[in-house]
Amino acid sequence: MRRRRVGSIMSDGVDSAALCIIGAGPAALAVLLRIARSTTDACCSSSAAARELLKRTVVVDASGGFLALWRRKLASQGVRHLRSPTFVHPHASRLIDDELSKFANSHGRYRHLQPITNRQWHSPSAELFDDFCAAALAELHAVDPTLEERLITGRVVDIVPNDDDSGFAVRMDSGDCIEARQIVLAVGDANTPRWPEWA
């Protein structure tokens with residue numbers, strides 16, 4: 001088993017991450033944006049810890065890029081409007097149903113919001129949601145410019161807890177292994193996780 005060196009998160013020759021997010025779709029983007037917001041949140045006493053966590057986070061995804069699989073999936077199915085309402089989005093907003101609607105209005109794209117029958121909510125077009133996610137990703141890169149370097153193309157085949165309770169070994173089909181203190185499975189509905197026996 002080869003340990004994978006993942007760029008700038010490594011220090012003192014230790015191949016480890018504070019956080020390994022498996023998947024690079026909207027759910028992973030939501031986690032990353034929430035951490036990023038904590039780095040600058042004036043009311044958050046742990047902003048330094050959030051900065052360090054973000055700096056020591058790696059993302060593993062087989063598709064090779066943020067939102068790549070999600071985009072391919074929607075395109076292959078010809079999805080024009082999402083089923084989910086506008087408040088189901090990855091932005092780390094404290095308020096319900098504000099960021100995506102504000103994005104649509106500020107870009108003159110309110111017509112991309114389709115009313116949901118018998119509800120006060122709207123669903124966004126796939127194009128609007130994709131542009132919103134791209135803007136959110138740009139916002140994230142402004143906070144953490146090296147994040148793209150820590151996106152690893154690979155398929156996770158196993159997660160094994162370390163004997164000393166120091167975290168997990170994330171094993172990939174390439175034979176590489178990443179040591180991580182914490183794991184987030186953000187694989188979406190298309191990639192049903194196979195839970196290891198210990199979980």
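**Exercise 1. The chain as a whole**

What percentage of the contacts in the protein chain with a separation of 6 or more comes from residues 24 or more positions apart? Work this out for the predicted model, and then describe the order of the elements and the share of buried residues.

*Solution.* Begin with the contacts: of those with a separation of 6 or more in the protein chain, 65% are accounted for by residues 24 or more positions apart. Next, list the elements, which are five helices and nine strands, and which follow one another from the N terminus in the order β-β-α-α-β-α-α-β-β-α-β-β-β-β. Finally, turn to burial, where 44% of the 199 residues in the protein chain are found to be buried.

**Exercise 2. Helix 3 against helix 5**

Determine how the axes of helix 3 and helix 5 are arranged, and state which residues meet where these helices are in contact.

*Solution.* Two packed helices are described by the angle between their axes and the distance between the axes. Here the axes of helix 3 (residues 68-77) and helix 5 (residues 126-143) come within 12 Å and cross at roughly 170°. Since angles over 145 degrees count as roughly antiparallel, helix 3 is therefore roughly antiparallel to helix 5. The contact itself brings Trp70, Arg71 and Leu74 of helix 3 together with Ala126, Phe129, Asp130 and Ala134 of helix 5. Sorted by character, the residues of this contact comprise five nonpolar and two charged ones, with no polar residue.

**Exercise 3. A charged pair between the helices**

Find the salt bridge that Arg71 forms, and decide whether each partner is buried, partly exposed or exposed.

*Solution.* Side chains of opposite charge can pair when their charged atoms come close. Arg71 pairs with Asp130 in a salt bridge whose closest N and O atoms are 2.5 Å apart. Because Arg71 lies in helix 3 and Asp130 in helix 5, the pair ties together parts that are 59 residues apart in sequence. As for accessibility, Arg71 is partly exposed at a relative accessible area of 33%, whereas Asp130 counts as buried at 19%, the limit for buried being under 20%.

**Exercise 4. A network around Arg109**

Identify the salt bridges that join Arg109, Glu127 and Asp131, and locate the partners in the chain.

*Solution.* Take Glu127 first: its side chain meets that of Arg109 in a salt bridge at 3.7 Å, N to O. This pair links Arg109, in the loop between helix 4 and strand 4 (113-115), to Glu127 in helix 5, at a distance of 18 residues in sequence. Then take Asp131, whose side chain meets that of Arg109 at 2.7 Å, N to O. Asp131 lies in helix 5 and Arg109 in the loop between helix 4 and strand 4, so this pair ties together parts that are 22 residues apart in sequence. Through shared partners, the salt bridges join Arg109, Glu127 and Asp131 into one network. Within that network, Arg109 is buried with a relative accessible area of 12%, while Asp131, at 30%, counts as partly exposed.

**Exercise 5. The nonpolar cores**

Describe the largest nonpolar core, the elements that supply it and the surroundings of Val59.

*Solution.* In soluble globular proteins, nonpolar side chains tend to be buried together. The largest nonpolar core in this model has 32 residues, and those with the most contacts inside it are Ile21, Leu29, Leu32, Val59, Phe66 and Leu140. Two or more residues are contributed by each of strand 2 (16-22), helix 1 (26-40), helix 2 (47-55), helix 3, helix 4 (99-106) and helix 5. Among these contributions, helix 5 gives the largest share, eight residues. Looking at Val59 and leaving aside residues up to four places away in sequence, one finds that Val59 touches Ile21, Gly23, Ala24, Leu32, Phe66, Arg150, Leu151 and Ile152. A second, separate core has eleven residues, including Ala17, Cys20, Ile152 and Ile159.

**Exercise 6. Two positive phi values**

Are Leu67 and Asp165, each with a positive phi, buried or exposed?

*Solution.* Leu67, which is not a glycine, has a phi near 65° and sits in the loop between strand 3 (57-61) and helix 3. With a relative accessible area of 2%, Leu67 is buried. Asp165, likewise not a glycine, has a positive phi of about 60° and belongs to the loop between strand 7 (156-161) and strand 8 (168-172). Its relative accessibility of 64% makes Asp165 exposed.

Key: Residues are numbered from 1 along each chain as its sequence is written. This is a predicted model: local features need pLDDT of at least 70, side-chain atom pairs count only at pLDDT 80 or more; totals for chains, interfaces and linings use all residues. Side-chain values use heavy atoms; hydrogens and water are left out. Axes are lines fitted to C-alpha atoms, for helices over the stretch in contact, and angles run from 0 to 180 degrees between N-to-C directions. Helices (H or I, at least four residues) and strands (E, at least two) are DSSP runs, numbered from the N terminus. Angles under 35 degrees count as roughly parallel, over 145 as roughly antiparallel, 65 to 115 as roughly perpendicular and the rest as oblique. Contact means heavy atoms within 4.5 Å. Ala, Val, Leu, Ile, Met, Phe, Trp, Tyr, Cys and Pro count as nonpolar, Asp, Glu, Lys and Arg as charged, and the others, Gly among them, as polar. A nonpolar core is a set of buried Ala, Val, Leu, Ile, Met, Phe, Trp, Tyr and Cys residues joined through side-chain atoms within 4.5 Å. Buried means under 20% relative accessible area, exposed over 50%, partly exposed in between (1.4 Å probe, protein chains only). A salt bridge is a side-chain nitrogen of Lys or Arg within 4 Å of a carboxyl oxygen of Asp or Glu.
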